[in-house]
Amino acid sequence: MKFATVKNEKGQWIGIVNDEGSHVLPLQEVHGKMGDEKIFSSDMIEAISLGDKFLQEAEKTVQWVKDNKLESEHYLPLSSVELLAPIPRPAKNIFCVGKNYAEHAIEMGSKEDIPEHVMVFTKAPTTVTANEQEILTHSELTEQLDYEGELAVVIGKKGKGIKREEALDYVFGYTIINDVTARDLQARHKQFFIGKSLDTTCPMGPWIVHKSAIANPNELDIKTTVNGEVRQDSNTENFIFPVEEIIAVLSQGMTLEPGDIIATGTPAGVGKGFKPPRFLKAGDTIEITVEGIGTLRNTVTN
């Protein structure tokens with residue numbers, strides 16, 4: 001099941017995207033027509049916080065539409081609405097795992113740069129933007145804007161000290177993130193936060209795929225193209241630290257909560273890794289495709 005945050009003339013709402021990725025069901029509106037208790041809001045974090053009840057009621061709503069043959073009446077073409085980021089304003093910074101693919105660690109330095117422990121930094125909530133929205137060049141601040149295609153994990157329930165073997169129980173679903181980075185700012189300030197936190201540098205989406213549709217998050221093809229040219233082409237089986245370990249490490253002494261987002265790291269092929277480097281410029285279109293989720297597409301603009 002694909003959950004999206006959507007906006008049209010009726011305001012903002014949570015929708016369920018059909019299997020083909022062409023139409024979306026307004027969850028709150030249709031659920032209200034069933035005569036059941038109203039439990040849905042327009043806020044994805046609040047919905048995720050409902051736990052199993054959210055998923056059960058969402059599934060029941062989809063089935064009600066199908067049983068009554070009301071698809072054409074209630075499903076709206078995606079082309080007629082605006083997809084926002086699935087979590088437009090995260091409650092916290094986005095957790096990001098650095099150098100989680102050995103080949104990426106090497107292209108950014110050498111074999112000595114392959115980490116022995118999970119490496120974590122964060123991006124500010126104000127970085128988040130949606131599928132098909134523009135990425136600003138911030139040309140007054142940076143000359144080295146770079147892309148990083150990543151699988152992202154959305155936490156589904158509160159947890160602390162989570163055991164690795166239980167970690168996926170705490171996941172709600174998965175989405176895609178482009179961890180856009182100003183490499184020169186990253187180098188100048190000797191840390192990641194400023195270079196990772198310019199506005200519009202965290203495209204996210206196009207939706208969240210519930211974990212039940214992803215058999216193993218550590219076995220997904222991931223590909224990034226720039227203007228149609230393949231730049232990154234890998235599989236999450238190449239993670240140094242799998243999703244379960246990342247969640248276990250983050251939760252040691254720190255509480256994870258519904259709606260928390262973890263970007264799991266990027267494969268080799270970033271712009272800085274080329275010789276000479278191939279940084280983003282106005283007019284470039286980046287597409288990141290993750291198996292079982294879909295494609296996140298954004299264009300760079302001044």
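Me: In this predicted model, which residue forms a salt bridge with D113, and how far apart are the closest N and O atoms?

Reply: A salt bridge here is a side-chain nitrogen of Lys or Arg within 4 Å of a carboxyl oxygen of Asp or Glu. D113 forms such a bridge with K99. Since D113 sits in the loop between helix 5 (102-107) and strand 7 (119-123), and K99 in the loop between strand 6 (94-98) and helix 5, the pair ties together parts that are 14 residues apart in sequence; helices (H or I, at least four residues) and strands (E, at least two) are DSSP runs numbered from the N terminus. The partner is therefore K99, with the closest N and O atoms at 4.0 Å.

Me: What pLDDT do side-chain atom pairs need before they count?

Reply: Residues are numbered from 1 along each chain as its sequence is written, and side-chain values use heavy atoms, with hydrogens and water left out. Because the model is predicted, local features need pLDDT of at least 70, totals for chains, interfaces and linings use all residues, and side-chain atom pairs count only at pLDDT 80 or more.

Me: Which residue forms a salt bridge with K33, and how many residues apart are the two?

Reply: The partner of K33 is E29, their closest N and O atoms being 3.7 Å apart. Both are partly exposed, K33 at 47% relative accessibility and E29 at 33%, where buried means under 20% relative accessible area, exposed over 50% and partly exposed in between (1.4 Å probe, protein chains only). Both lie in helix 1 (residues 27-33), about one turn of the helix apart, so the answer is E29, at a separation of 4 residues.

Me: How many disulfides are there, and why do C96 and C202 not form a bond?

Reply: A disulfide is a pair of cysteine sulfur atoms within 2.5 Å. The cysteine sulfur closest to that of C96 belongs to C202, and at 6.5 Å the two are too far apart for a bond, although C96 is buried at 0% relative accessibility and C202 is likewise buried at 0%. A search of the whole structure accordingly gives a count of disulfides of 0.

Me: Which two residues precede a proline through a cis peptide bond?

Reply: One cis bond, with omega near 0°, leads into P206, which belongs to strand 14 (residues 202-210). Another, with omega about 0°, leads into P276, which is placed in the loop between strand 17 (261-263) and strand 18 (285-290). The residues on the preceding side are G205 and K275.

Me: Is K190, which has a positive phi although it is not a glycine, buried or exposed?

Reply: The phi of K190 is about 60°, and the residue lies in the loop between helix 6 (183-188) and helix 7 (193-196). Because its relative accessibility is 74%, K190 counts as exposed.

Me: Where in space does V270 lie relative to T224, C-alpha to C-alpha?

Reply: V270 is found in the loop between strand 17 and strand 18, and with a relative accessible area of 0% it is buried. Although V270 and T224 are 46 residues apart in sequence, their C-alpha atoms are separated in space by 9.1 Å.
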